[in-house]
Amino acid sequence: MHLMLAYDHSRNARIALEAVKSMFAEAKPEITLISVIEDVGSATSATDDMFDEQYREQRAGAEAAAAELTAAGLKTRVLIAEGDARKMILRATQERHPDLLVMARHSHKPDKGFLASKIDALVEEFDHMTFGSVSAFLARRVQCPLMIVPAP
């Protein structure tokens with residue numbers, strides 16, 4: 001069995017990682033962690049520095065997650081991609097043919113405040129209507145089973 005786990009080192013990705021360990025550890029699947037670093041959208045030296053920092057942090061997080069899975073007895077590899085997360089994860093599933101793609105449902109919940117939560121809900125709905133979330137995009141296009149782990 002080959003699982004692919006979309007992993008961005010966020011709190012929700014950690015929840016998906018824990019779900020994979022608890023649900024699939026006995027089956028001893030081969031796991032590919034795919035971590036996508038998105039372009040920051042500008043070609044200045046400041047954005048180059050931001051991209052480099054994000055790349056280092058995300059790669060280190062993915063490698064730490066892979067080490068955790070390996071310590072649990074699971075054969076794991078890390079795949080780092082650059083670009084649009086939706087397209088890069090879709091492409092990885094098309095090239096690697098996993099039996100299951102696992103990912104966390106992403107949310108951008110504000111820490112607190114009534115106004116902040118209302119604005120956040122509006123922005124999230126607009127984003128979903130115009131672009132679609134990563135999980136919604138993949139649910140419509142991916143050719144393997146997809147498990148979306150909800151965040152509490």
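Q: Which residues of helix H1 are buried?
A: The model is predicted: local features need pLDDT of at least 70, side-chain atom pairs count only at pLDDT 80 or more, and totals for chains, interfaces and linings use all residues. Numbering starts from 1 along each chain as its sequence is written, and side-chain values use heavy atoms, with hydrogens and water left out. Helices (H or I, at least four residues) and strands (E, at least two) are DSSP runs numbered from the N terminus, and buried means under 20% relative accessible area, exposed over 50% and partly exposed in between, with a 1.4 Å probe and protein chains only. By that cut-off, the buried residues of H1 are Asn12, Ala13, Ala16, Leu17, Ala19, Val20, Lys21 and Phe24.

Q: How far apart are the end C-alpha atoms of H1?
A: The expected span of a helix is 1.5 Å times one less than its number of residues. H1 has 14 residues and should therefore span 20 Å. The computed separation of its end C-alpha atoms agrees, at 20 Å.

Q: Which element supplies the largest share of the largest nonpolar core?
A: A nonpolar core is a set of buried Ala, Val, Leu, Ile, Met, Phe, Trp, Tyr and Cys residues joined through side-chain atoms within 4.5 Å. The largest one has 24 residues, of which Leu5, Tyr7, Val20, Ile31, Leu33 and Val102 touch the most other members. At least two residues each come from E1 (2-6), H1 (11-24), E2 (30-37), H2 (45-71), E4 (100-104) and E5 (146-149). The largest share, six residues, comes from H1.

Q: How many residues does the other core have, the one with Val36 and Leu79 among its members?
A: This core lies apart from the 24-residue core. Val36, Leu79, Ala81 and Leu90 are among its members. Its residue count is 17.

Q: Which residues does Ile31 touch, leaving out those up to four places away in sequence?
A: Ile31 is one of the residues that touch the most other members of the largest core. Contact here means heavy atoms within 4.5 Å. On that basis, Ile31 touches Leu3, Leu5, Val20, Leu69, Leu74, Lys75, Thr76 and Arg77.

Q: Is strand E1 enclosed or open on its two faces?
A: Five of the five residues of E1 are buried, so the rest of the structure largely encloses this strand. His2, Met4 and Ala6 form one side and Leu3 and Leu5 the other. Both faces are covered, and E1 is thus largely enclosed.

Q: What is the handedness of the crossover from E1 to E2?
A: Two strands pair if DSSP finds at least two bridges between them; E1 and E2 run parallel and are joined by five, with Leu3 partnered by Ile31 of E2. The chain passes from E1 through H1 to E2 as a β-α-β crossover. Such a crossover is right-handed if, with the strands pointing away from the viewer, the path from the first strand over the helix to the second runs clockwise. This one is right-handed.

Q: Which residue of E5 is the bridge partner of Leu101?
A: E1 also pairs with E4, in the parallel sense over three bridges, and the partner of Leu5 in E4 is Val102. E4 in turn runs parallel to E5, with four bridges between them. E5 has a covered face, Met147 and Val149, and an uncovered one, Leu146 and Ile148. The partner of Leu101 is on the uncovered face: Leu146.

Q: How is the pair of rings of Phe51 and Tyr55 classed?
A: Rings of Phe, Tyr and Trp (its six-membered ring) pair if their centres lie within 6.5 Å; planes under 30 degrees apart count as stacked, over 60 as edge-to-face and the rest as tilted. Both residues lie in H2, four residues apart, about one turn of the helix. Phe51 is buried at 15% relative accessible area, whereas Tyr55 is partly exposed at 25%. The ring centres are 6.2 Å apart and the planes stand at 35 degrees, so the pair is tilted.

Q: Which residues does Gln58 contact, leaving aside neighbours within four places in sequence?
A: Gln58 is found in H2. At 8% relative accessibility, it counts as buried. Its contacts are Tyr7, Asp8, Ser35, Val36 and Ile37.

Q: What pattern does the chain follow along the sequence?
A: The chain has five helices and five strands. Of its 152 residues, 40% count as buried. The pattern is β-α-β-α-β-α-β-α-α-β.
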